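Please look over the structure shown here, beginning with its overall form and then turning to the interior.

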Amino acid sequence: MASESQASESHQPVIAILGGTGAQGSALALRWANAGYSIVIGSRSPQKATEVCKRISIEVENANVSYENNLVAAEKGDLVVLCVPYASQRSTVETVRAALDGKVLIDTTVPLIPPKVARVQLPDSGSAVAEIQSMLGDSVKVVSAFQNVAAHVLDDLSSTVDCDVLVCGNDIEARETVIKLAAAIGVPAIHAGSIANSTAAEALTSVLISINSRYKLRGAGIRITGMDEEK
Ligand SMILES: NC(=O)c1ccc[n+]([C@@H]2O[C@H](COP(=O)([O-])OP(=O)(O)OC[C@H]3O[C@@H](n4cnc5c(N)ncnc54)[C@H](OP(=O)(O)O)[C@@H]3O)[C@@H](O)[C@H]2O)c1
């Protein structure tokens, strides 16, 4: 199901999605493939990655989607998106570190610690994503995004994303790039300040999980009000 916005321009950046076989990564891959971007799924499992590529190719006519191990995917990506569980966030970044220099790394990680995922449990430093920026140094522009949108919402191309996502990062241009990439897949995204502010987005996910549980919902989200006053 290709949208009218499906682009054919060859200057579109290649998006590498590490953990692209998972719920969040495969849903983002589907949406960006549908918007005409070239996608490289990063995975430890050729079998799982083949299945994801097959599914995207069925849903999106002329999808440009392939897979590699995480390091080669990161090498091939102009932009790299990290979509692995918190427990493997740091080790996955270590694996691909050599390929990240000069790139934007979009980190979707929420520091959930099962089984109490409805309780905010941030690392001592405050933010899991800010820790990755500290680890990588300024040569990698880490941007935190997509923490507060549920995978199943993204995974349905016919569904409108009825929530905002907060985009945090120390480099304003890198944030703007991510906001445009989000807009290309129908996700309203908002500049939310420096990478330290990712703490708020990461914490909000547990709040939303708690709200989903209490009100028997699947996809509670947040909306920033007052944006229509933007000058
Ligand atoms: N699911 C959501 O609705 C949602 C919403 C907002 C943010 N997030 C965040 O997005 C990230 C991914 O969430 P998810 O639900 O997509 O996770 P997931 O489905 O559990 O896992 C994603 C992928 O990570 C890889 N992975 C798993 N364990 C790993 C390990 N030990 N080392 C390296 N790679 C490993 C696997 O890929 P391979 O086996 O193919 O390598 C897996 O398919 C998380 O940080 C989560 O907090 C998720």
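The paragraphs below go from the whole fold to one helix pair and then to the nonpolar cores.

This is a predicted model, and the protein in it contains eight helices and eight strands. Its radius of gyration is 16 Å, close to the 17 Å that the globule rule gives for 231 residues, so the protein is as compact as a globular protein of that length. The C-alpha trace spans about 40 × 40 × 35 Å along its principal axes, and buried residues make up 49% of the 231 residues. Among contacts with a separation of 6 or more, 74% are accounted for by residues 24 or more positions apart.

Helix α1 (residues 23-34) and helix α2 (residues 46-59) have axes that come within 10 Å and cross at roughly 35 degrees, and the crossing in which α1 passes α2 is right-handed. On the α1 side the meeting residues are Ser26, Ala29, Leu30 and Ala33, while α2 contributes Val52, Arg55, Ile56 and Glu59; by class, this contact has five nonpolar, one polar and two charged residues.

In soluble globular proteins, nonpolar side chains tend to be buried together. Here the largest nonpolar core has 42 residues, of which Ile17, Leu28, Trp32, Ile39 and Phe146 touch the most other members, and α1 supplies the largest share of this core, six residues. Apart from this core lies another, of 21 residues, among them Ala73, Ala99, Ala130 and Ile132. Once neighbours within four places in sequence are set aside, Leu28 is in contact with Ile17, Val81, Cys83, Thr108, Phe146, Leu154 and Ile185.

Key: Residues are numbered from 1 along each chain as its sequence is written. This is a predicted model: local features need pLDDT of at least 70, side-chain atom pairs count only at pLDDT 80 or more; totals for chains, interfaces and linings use all residues. Side-chain values use heavy atoms; hydrogens and water are left out. Axes are lines fitted to C-alpha atoms, for helices over the stretch in contact, and angles run from 0 to 180 degrees between N-to-C directions. Helices (H or I, at least four residues) and strands (E, at least two) are DSSP runs, numbered from the N terminus. A crossing is left-handed if the near helix is turned anticlockwise from the far one by less than a right angle, and right-handed if clockwise. Contact means heavy atoms within 4.5 Å. Ala, Val, Leu, Ile, Met, Phe, Trp, Tyr, Cys and Pro count as nonpolar, Asp, Glu, Lys and Arg as charged, and the others, Gly among them, as polar. A nonpolar core is a set of buried Ala, Val, Leu, Ile, Met, Phe, Trp, Tyr and Cys residues joined through side-chain atoms within 4.5 Å. Buried means under 20% relative accessible area, exposed over 50%, partly exposed in between (1.4 Å probe, protein chains only). The radius of gyration is taken over C-alpha atoms; the globule rule is 2.2 Å times the number of residues to the power 0.38.
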